[in-house]
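This report goes through one protein model by topic. The sequence and the structure come first, then the description.

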Amino acid sequence: MLTTRDCWADLTAKLSLMRRTLGVAALVSADVARLVEDLEKETDRGAALLAAAFLDDVLELVLRSAMVDAPEVADKLLGGGRALESFGSRGHLAYLIGLLG
């Protein structure tokens, strides 16, 4: 049975995640304007590559926002040559922890 303390802890954790996610949204919105400008100048192939790279960066920001504030530990998972280096593995993790639906 859930206690009031458990419910409060769950609510506090969700609010903290929402605050971090809103911070990510503010960062991303400025980048989207630049992305749109760049996409208009690219070929179809270039636009696809640029958009995929942008989504990869956004997915990393979303994952980091869901993690505790320990960048050195997150870097061990998300950095180059690490377990979550690929876009696919990051996408799977984001889905599994409920960040993507």
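## Starting point: Phe54

In which helix is Phe54 found? Phe54 is in helix H2; helices (H or I, at least four residues) and strands (E, at least two) are DSSP runs, numbered from the N terminus. Phe54 has a relative accessibility of 16% and counts as buried. Buried means under 20% relative accessible area, exposed over 50%, and partly exposed in between (1.4 Å probe, protein chains only). Val32 precedes Phe54 by 22 residues in sequence, and their C-alpha atoms are 8.8 Å apart.

## Model and confidence

The model is predicted: local features need pLDDT of at least 70, side-chain atom pairs count only at pLDDT 80 or more, and totals for chains, interfaces and linings use all residues. Residues are numbered from 1 along each chain as its sequence is written, and side-chain values use heavy atoms, with hydrogens and water left out.

The mean pLDDT of the protein chain is 79, and 72% of the residues score at least 70; pLDDT is the predictor's confidence in each residue, from 0 to 100. Confidence is lowest in helix H1 (residues 4–41), with a mean of 66, and highest in H4, with 92. Where pLDDT is low, the predicted coordinates should not be read in detail.

## Overall layout

The protein chain has four helices and zero strands, and its elements run α-α-α-α from the N terminus. Of its 101 residues, 20% are buried. Among contacts with a separation of 6 or more, 48% are between residues 24 or more positions apart; contact means heavy atoms within 4.5 Å.

The chain exposes about 7500 Å², of which carbon and sulfur atoms supply 64%. Accessible areas come from the Shrake-Rupley method with a 1.4 Å probe; for residues, only the protein chains shown count as cover.

## Nonpolar core

The largest nonpolar core has seven residues: Leu59, Leu63, Met67, Ala74, Leu78, Leu84 and Ala94. Helix H2 (44–66) and helix H3 (71–78) each supply at least two residues of this core. Such a core is a set of buried Ala, Val, Leu, Ile, Met, Phe, Trp, Tyr and Cys residues joined through side-chain atoms within 4.5 Å. In soluble globular proteins, nonpolar side chains tend to be buried together.

With neighbours within four places in sequence left aside, Leu59 is in contact with Phe87, Arg90, Gly91, Ala94 and Leu100.

## Helix H4 and Arg90

The buried residues in H4 are Ser89, Arg90, Gly91 and Ala94, and their cover includes H2 and H3. After H4 comes Gly98, with a positive phi near 85 degrees.

How buried or exposed is Arg90? Arg90 is buried, at a relative accessible area of 4%. Outside the neighbours within four places in sequence, Arg90 is in contact with Asp56, Leu59, Glu60, Leu63, Leu78, Leu84 and Glu85. Asp56, in helix H2, has a side-chain polar contact of 3.3 Å with Arg90. A polar contact is a pair of N or O atoms within 3.5 Å; within protein, one must be able to donate a hydrogen and the other to accept it, and residues adjacent in sequence count only if both atoms are side-chain atoms. By the same exclusion of neighbours within four places, Asp56 is in contact with Phe87 and Arg90.

## Salt bridges

The model has four salt bridges, each a side-chain nitrogen of Lys or Arg within 4 Å of a carboxyl oxygen of Asp or Glu. Side chains of opposite charge can pair when their charged atoms come close. Arg90 and Glu60 form one of them, at 3.1 Å from N to O. This pair links distant parts of the chain, with Arg90 in helix H4 (residues 87–96), Glu60 in helix H2, and their positions 30 residues apart.

Glu60 also forms a salt bridge with Arg64, with the closest N and O atoms 2.9 Å apart. Both residues lie in helix H2, four residues apart, about one turn of the helix. Arg64 is partly exposed, at a relative accessible area of 25%. Asp75 forms a salt bridge with Arg64 in turn, the closest N and O atoms being 2.7 Å apart. Asp75 is in helix H3 and Arg64 in helix H2, so this pair ties together parts 11 residues apart in sequence. Asp75 is partly exposed, at 37% relative accessible area. Through shared partners, salt bridges join Asp56, Glu60, Arg64, Asp75 and Arg90 into one network.
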